[in-house]
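Trainee: I have a structure open and some labels to check. Can we test each one against its definition?

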Amino acid sequence: MSHSLAFPMYAVNRADTEALRQAVRGLLLARGVPAGASSVPDLLAHWQERDLILSQTCGYPLVTRLLDVQVVGCFHYTAPGCEGIHYRSFLVVREEDKHRTLADFRGRRAVCNSPDSQSGYNVLRKKISPAAVEGFFSSVAFSGSHRQSLAAIRRGESDIAAVDCVTFALLQRHEPALLAGLAVIDRTPLTPGLPLITSRQTSPEMLHAIRDALRTLVSAPEFRETCSATLIAGFSEVTRQSYSQLLD
C-alpha cells in the first residue's frame, strides 16, 4: 500500500508544493503515520484511494462525489480574498472589459476549469442562477485548469472566467505574465476553502495524528518559509457539514 500523500490543487510552483509535501510527510512519520508519494494521474481516483492518508480536494466534488472520505480540516490562506478558512473567486476578463459588470456578459463566452469545480463553475451557477449558466452565456467551455482558463481569455477565445483567489495570487507571484492584460471585475461570496481529506479507512487515532501534524506545520518556526511560499497561514478542523451550503 502506498499510503498516498499529495497536495494537487495549488501546485502552481512544483518546488514549493513538493517542499510542503515533504514537510507534512516528515511530521506524519514522526507521529507514526505512514505517508508516501502519489503521482495523481486522475484526481477523482486519487481522492478515492483506499489508503489515502492526506490530500486536498475541492468542496463541490466533496459534497457531490466523495461521499465516503473523511474531512480532516482546511488551511487558512493569506491570498487577497481569503478570510480564515474561507475563500472566494474573482471574475476575470480582459482589460478592455474592466468597466463592465457580470450582467454585461450575457450572450458572451465563459470558460471554466471543470464542471465539478466550486471556484470555477458552481460559483457562476450560484451568482447567475442554478440552472441558467449555459442560457446566460453564448457558450461555456471547460479548459482543464484555472491557468488554462486565463490563457483562453488572453487569447480571445473566451471572455470571462471565475478563478480561485488563491490560484490567482500564486500566479501573480510565479507567472505574472499570464495575468497581463486581464482585470478583475467582481468577487464571489465567501465559501469554505478547499478541504483536506483522508480515506474512510483512516482510524480515529491516525486522524488525530494527522490533524496534530498540520497544527504543527502552521505554528512551528521551522516551517514558516514553506507555509509562506504556499500562502498557508493556519489550519482549522472542519466537518463535512461545513460544505453542505455548496449544494444550496
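Mentor: We go through cysteines, one helix and two pockets.
Mentor: The model is predicted, so local features need pLDDT of at least 70, side-chain atom pairs count only at pLDDT 80 or more, and totals for chains, interfaces and linings use all residues. Residues are numbered from 1 along each chain as its sequence is written, and side-chain values use heavy atoms, with hydrogens and water left out.

Trainee: How many disulfides does the structure hold?
Mentor: Zero. A disulfide is a pair of cysteine sulfur atoms within 2.5 Å. For Cys112, the nearest cysteine sulfur belongs to Cys58, 12 Å away.

Trainee: What rules out a bond between Cys165 and Cys82?
Mentor: Distance. Cys82 has the closest cysteine sulfur to that of Cys165, at 3.6 Å, and this is too far for a bond.

Trainee: Why is Cys112 called buried?
Mentor: Buried means under 20% relative accessible area, exposed over 50%, partly exposed in between (1.4 Å probe, protein chains only). Cys112 has 0% relative accessibility, so it counts as buried. Cys165, at 1%, counts as buried too.

Trainee: How do you know that the span of helix H8 agrees with its length?
Mentor: Helices (H or I, at least four residues) and strands (E, at least two) are DSSP runs, numbered from the N terminus. The expected span is 1.5 Å times one less than the number of residues. H8 covers residues 204-219, 16 residues, so it should span 22 Å; its end C-alpha atoms are 23 Å apart, which agrees.

Trainee: Which residues of H8 are buried, and what do they pack against?
Mentor: Among the buried ones are Leu207, Ile210, Arg211 and Leu214. The partners of the buried residues include helix H1 (14-30), strand S4 (70-77) and strand S13 (232-236). Contact means heavy atoms within 4.5 Å.

Trainee: What makes a space a pocket?
Mentor: On a 1 Å grid over the protein atoms alone, a pocket is an open set of points where a 1.4 Å probe fits, with protein on both sides within 12 Å along at least five of seven lines; lining residues have an atom within 4 Å of a point. The largest pocket has a volume of about 970 Å³. Of its 36 lining residues, Pro8, Met9, Tyr10, Ala11 and Leu43 are the closest to its centre. H1 gives the largest share of the lining, four residues.

Trainee: How many residues of each class line the second largest pocket?
Mentor: Four nonpolar, three polar and five charged. Its space is about 170 Å³. Trp47, Arg50 and Asp68 are among the residues that line the second largest pocket.

Terms used:
Points joined across faces, edges and corners; volume = space filled by probe spheres on them. Nonpolar A, V, L, I, M, F, W, Y, C, P; charged D, E, K, R; others polar.
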